[in-house]
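Me: I'd like to go through some helix packing and burial labels and see what backs each one. Can you take me through the reasoning?

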Amino acid sequence: MSLLWKKASYAEKYSKNYFFPDPDIRFFIKKLKISKKDFVGDFGCGDGAFLSAAAKKASFVFGVDMSSSQLRAARKKMKSKNFKFFKRNFSDLANLPFFNKGFARKSLHHLKFSEKKKFFKKISEKMPKGSIFVIEDGIFFLFSRKELKKNWGNLMKDCRKYYGKEWEKKKKDVIYCFKKEYPCGLSEWRKALSAGGFVIKEAKKYSSFYGYMLAVKEK
Ligand SMILES: C[S@@+](CC[C@H](N)C(=O)[O-])C[C@H]1O[C@@H](n2cnc3c(N)ncnc32)[C@H](O)[C@@H]1O
């Protein structure tokens, strides 16, 4: 799926169908307590909706994304000068700036479990103790990734309830994501985050398969 993001048409379709609503952006800026003392990194920053808002509150922000078209859109959105974008794959995170607030929405599920572990280990080198990382993504709150097949029926029921009228339109993408990408169980996210010294302090479910986590770097 990652390769699809290199296609401008795919990125455009995505940004239209799954855009990041402004109230949610404000919610996460508050959750991260972003202030002028902060350096913020957004991983899989997409079209820059979050970063352009965060830049107004932070000292400096940066975004990492492998898609040129997403980064082009993101650059256009920036109204200030305190930002930088890195066209990178998550497997290549050398020479990033230091930062103390991290964010990733709908992006880290592209990584397999072993890749998630490597990712958190690598970024933690750039984050001081006490740093915060917030992730909104596919989180199976009731089972692990290995138990996906066994729980498929209930998962589909929960999807129908969560997406409501939008379900038929989104079904194909969502099922693709469950089957071919790597959303995983809360306990697997916990293990992956702990590879970077992060401890989950808050995990909120919007549905049994989706929500956010706030983790603090304790080591
Ligand atoms: C579903 S979009 C989410 C964009 C944005 N965070 C949002 O919430 O609107 C996922 C983003 O992650 C990026 N992405 C996916 N896999 C990646 C990888 N392995 N390395 C870097 N970026 C990746 C894609 O290019 C895309 O912009």
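Reply: Sure, here are the labels one by one, for what is a predicted model.

Me: Let's start with Cys177. Why is Cys177 called partly exposed?

Reply: Cys177 has 18 other C-beta atoms within 10 Å. Buried would need 20 or more, and exposed would need 12 or fewer, so with 18 Cys177 lands in between and is partly exposed.

Me: Where does Cys177 sit, and what does Cys177 touch?

Reply: Cys177 is in helix H7, residues 167-180. Leaving out residues up to four places away in sequence, Cys177 touches His109, Gly138 and Pro183. His109 is 68 residues away along the chain, yet the two C-alpha atoms are separated by 8.4 Å.

Me: On to helix H8, residues 186-194. Which residues of H8 are buried, and how do you know that they are on the same side?

Reply: The buried ones are Trp189, Ala192 and Leu193. Around the axis they cover an arc of only 95°, which puts them on the same side of H8. The general background is that an α-helix has 3.6 residues a turn, so residues three or four places apart point the same way.

Me: What covers the buried residues of H8?

Reply: The cover includes helix H5 (113-124), along with strands E5 (132-140), E6 (184-185), E7 (198-207) and E8 (210-217).

Me: What makes H5 and H8 oblique to each other?

Reply: Their axes cross at roughly 40° and come within 7 Å. Roughly parallel stops at angles under 35 degrees, and roughly perpendicular runs from 65 to 115, so roughly 40° falls outside both and H5 and H8 are oblique. Phe113, Lys116, Lys117 and Phe120 of H5 make the contact with Glu188, Ala192 and Leu193 of H8. By class, that gives four nonpolar, no polar and three charged residues.

Me: And why is H2 called oblique to H3?

Reply: Helix H2 (residues 22-31) and helix H3 (residues 49-57) pack at an angle of about 50°, their axes 10 Å apart. An angle of about 50° is not under 35 degrees and not in the 65 to 115 range, so H2 counts as oblique to H3. The crossing of H2 and H3 is right-handed.

Me: Which residues make that contact, and what is its make-up by class?

Reply: Ile25, Phe28 and Ile29 come from H2, while H3 brings Ala49, Phe50, Ala53, Ala54 and Lys57. The contact of H2 with H3 has seven nonpolar, no polar and one charged residues. Lys counts as charged, so Lys57 is the charged one.

How values were computed
Residues are numbered from 1 along each chain as its sequence is written. This is a predicted model: local features need pLDDT of at least 70, side-chain atom pairs count only at pLDDT 80 or more; totals for chains, interfaces and linings use all residues. Helices (H or I, at least four residues) and strands (E, at least two) are DSSP runs, numbered from the N terminus. The arc is that of the directions from the helix axis to the C-beta atoms. Two residues are in contact if their C-beta atoms, placed from the backbone, lie within 7 Å. Axes are lines fitted to C-alpha atoms, for helices over the stretch in contact, and angles run from 0 to 180 degrees between N-to-C directions. Angles under 35 degrees count as roughly parallel, over 145 as roughly antiparallel, 65 to 115 as roughly perpendicular and the rest as oblique. A crossing is left-handed if the near helix is turned anticlockwise from the far one by less than a right angle, and right-handed if clockwise.
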